[in-house]
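Let's take a friendly walk through this model, starting with its open spaces and then turning to its sheet. Have the viewer ready and follow along.

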Amino acid sequence: MGVNLSSMRRLRKRLPLSRQVPRLPPSRVSSMASASAPKCNSHTSENEPVKSTSQDGVNCDLNETVPRLPGETLITDKEVIYICPFNGPIKGRVYITNYRLYLRSLETDSTLIFDVPLGVISRIEKMGGATSRGENSYGLDITCKDMRNLRFALKQEGHSRRDMFEILTRYAFPLAHSLPLFAFLNEEKFNVDGWMVYNPVEEYRRQGLPNHQWRITFINKCYELCETYPALLVVPYRASDDDLRRVAAFRSRNRIPVLSWIHPENKMVIVRCSQPLVGMSGKRNKDDEKYLDVIRETNRQLSKLTIYDARPSVNAVANKATGGGYESDDAYHNAELFFLDIHNIHVMRESLKKVKDIVYPNVEESHWLSSLESTHWLEHIKLVLTGAIQVADKVSSGKSSVLVHCSDGWDRTAQLTSLAMLMLDSFYRSIEGFEILVQKEWISFGHKFASRIGHGDKNHADADRSPIFLQFVDCVWQMSKQFPTAFEFNERFLITILDHLYSCRFGTFLLNCESAREKQKVTERTVSLWSLINSNKEKFKNPFYTKEINRVLYPVASMRHLELWVNYYIRWNPRIKQQQPNAVEQRYMELLALRDDYIKRLEELQLANSSKVSSASTSPSSPSQMMPHVQTHF
């Protein structure tokens with residue numbers, strides 16, 4: 001294939017990737033998730049010698065280095081027996097800081113066994129008692145939020161277990177002990193400020209808002225209208241602030257219908273809110289009914305407004321008993337309602353527990369498919385994706401605008417709106433666009449991260465905990481598998497987000513809503529996860545990405561096309577590994593490096609011959625004329 005300089009430059013512009021072939025495979029996310037000795041980023045962590053007196057009475061002056069972030073301090077270290085479910089008991093030394101639990105083997109070459117942020121821990125239990133007999137029967141059993149368990153055997157004498165239990169409990173659950181989360185102690189510095197990624201005014205302006213039909217209101221600037229909504233909202237131009245207050249009185253938690261996204265051409269919109277407060281008596285609110293009609297008429301829509309209620313219909317009916325409900329046909333004449341049958345947070349929590357049971361520590365090969373089916377996890381993923389596809393298709397087709405809600409509008413609603421926006425708007429498929437999508441639809445609009453994840457809270461049985469955001473990211477991964485060139489980010493990007501969802505290293509996912517973050521001054525006192533990612537974007541880029549404008553993605557939400565995300569859920573099992581590194585991706589990166597090398601050579605030849613070209617009028621004027629038959633290996 002003949003390649004001239006101009007075509008090579010166009011190719012480089014289309015694929016602006018590093019010439020270096022990455023050594024780390026996508027599934028090995030960060031030092032916190034590594035099974036080998038971590039390599040610390042020079043601007044994010046420090047390698048400092050640890051000097052301490054261990055709690056088991058042994059004076060230690062360690063020559064080994066333990067990675068520590070700025071602001072991270074060593075609390076204790078102790079000799080333990082790690083009960084590895086794959087390789088049996090391993091003698092090692094565990095180091096506990098105010099951020100992580102770090103285990104180094106003492107048996108071989110002092111290799112790292114694991115490095116676990118304390119925020120990942122959901123439960124710490126004592127195993128065995130003072131009278132326990134049998135090898136390694138006395139110690140601690142630690143349950144983690146990222147699909148794994150850790151077991152340590154300790155000496156029975158000298159209160160060895162008690163000291164470690166108390167220290168771990170104190171620093172893994174700091175809020176229960178009046179201590180700050182590590183994010184507020186973290187002193188990392190990055191060359192990019194991730195808190196600057198999302199500016200609501202700029203994001204709405206990118207969508208062409210405000211316009212003649214939609215306006216930006218600051219009625220919630222002090223969070224007086226709705227405590228869990230952001231300060232800035234987009235509402236119909238014809239609706240006054242007084243109208244909004246009356247509507248808020250009829251919506252659960254005052255979460256009124258507000259705009260999330262507008263189609264750039266047909267002007268159909270995605271609107272989100274919470275359930276109406278209909279109750280058992282079937283209350284009506286003329287202001288709410290009129291408001292939904294105003295939304296329908298903003299783009300001169302003749303058809304009915306489509307309302308997607310994320311809940312199963314039986315659940316929506318049951319919610320009437322607690323004062324909630326749904327929009328009935330007799331009250332909302334110009335709207336049609338569809339239920340999407342997505343189950344509640346409790347069902348999702350139990351489903352994930354079943355997934356954990358089948359993936360860690362052992363994977364039962366002979367009954368794998370039936371075991372996976374019994375978890376219903378992929379079934380739930382399918383229903384969420386199916387609902388989002390319906391929302392996206394309705395808006396993209398120009399048939400009608402869409403209103404989405406569940407009960408309170410911060411769990412299933414966020415899943416549906418954000419996934420539909422990801423399908424409709426190619427901007428959100430870039431690294432920065434996806435960060436903005438998460439900031440907007442999840443963080444600003446009040447998904448209860450603190451309650452759903454349980455940051456720093458020892459109450460592991462809390463009924464509010466649920467993997468709603470994990471489900472969303474899983475759906476994104478399913479889409480990226482079906483459209484491998486559509487997303488700028490890679491699998492490593494998604495896993496990094498999930499790991500730091502739990503880690504408490506960054507302020508991004510802390511607390512339940514924007515007003516709470518304002519009170520705690522999170523953006524001033526903590527570092528954003530996007531600072532870490534955007535300071536080193538090359539690690540998180542998909543080499544196959546092809547930027548496309550206005551392409552709508554419709555994934556196939558069929559059980560035949562969905563699969564368990566092995567590189568996330570089963571990554572801790574050394575016996576079940578995808579080929580690493582990915583051979584196709586590796587070869588592609590090599591070809592990109594080769595491409596850049598050819599471009600460099602052509603540019604050098606152009607410079608070397610520039611004087612000859614200028615002095616001889618008959619000389620070729622460009623490398624493409626001088627070398628019309630340059631061949632490449634691809």
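A pocket here is an open set of grid points with protein on both sides within 12 Å along at least five of seven lines, and its volume is the space filled by probe spheres set on those points. Keep in mind that this is a predicted model.

With that in hand, look at the second largest pocket, which holds about 800 Å³ of space. Its lining is made of 29 residues, and those nearest the centre are Ser122, Thr143, Cys144, Lys353 and Lys356. Two or more lining residues come from each of S7, S8, S9, helix H7 (345–359) and helix H12 (449–454). H7 gives the largest share, with 5 residues.

Where does the second largest pocket lie with respect to domain 1 (74–172) and domain 2 (200–564)? Both domains give residues to the lining, so the pocket lies between them.

The model also has 1 cavity of 30 Å³ or more. Its lining residues are Ser426, Arg429, Ala486, Tyr545, Thr546, Lys547, Glu548, Arg551 and Leu553. Here are the two spaces side by side:

| Space | Volume | Nonpolar lining | Polar lining | Charged lining |
|---|---|---|---|---|
| Second largest pocket | about 800 Å³ | 13 residues | 5 residues | 11 residues |
| Largest cavity | about 50 Å³ | 3 residues | 2 residues | 4 residues |

Now to the sheet. Strands of a sheet pair through backbone hydrogen bonds, either parallel or antiparallel. In this model, an open sheet of 7 strands runs in the order S6-S5-S4-S3-S9-S8-S7, and the pairing is antiparallel. Strand S6 (112–117) and strand S7 (121–127) are at the edges with a single partner strand each, so one side of each has no neighbour in the sheet. On average, neighbouring strands are turned by 30 degrees against each other, direction ignored.

For a detail of the pairing, turn to strand S4 (residues 88–97) and strand S5 (residues 100–105), which are joined in the antiparallel sense over 5 bridges. Within this part of the sheet, Gly92 stands opposite Ser105 in S5.

Which helix packs on the sheet? Helix H2 (residues 160–172) does, touching strand S3 (74–84), S4, S5, S7, strand S8 (139–144) and strand S9 (149–153). The direction of H2 makes about 165 degrees with that of S7.

Edge strand S7 thus links both parts of the tour: S7 is touched by H2, and S7 also gives two or more residues to the lining of the second largest pocket.

Methods
Residues numbered from 1 in each chain as written. Predicted model: local features only at pLDDT ≥ 70, side-chain atom pairs only at ≥ 80, totals over all residues. Heavy atoms only, no water. Pairing = 2+ DSSP bridges. Helix = DSSP H or I, 4+ residues; strand = E, 2+ residues; numbered from the N terminus. Axes fitted to C-alpha atoms, helices over the stretch in contact; angles between N-to-C directions. Contact = heavy atoms within 4.5 Å. 1 Å grid on protein atoms, 1.4 Å probe; cavity = no way out; pocket = protein on both sides within 12 Å on 5 of 7 lines; lining within 4 Å. Nonpolar A, V, L, I, M, F, W, Y, C, P; charged D, E, K, R; others polar. Domains from an automatic or database assignment.
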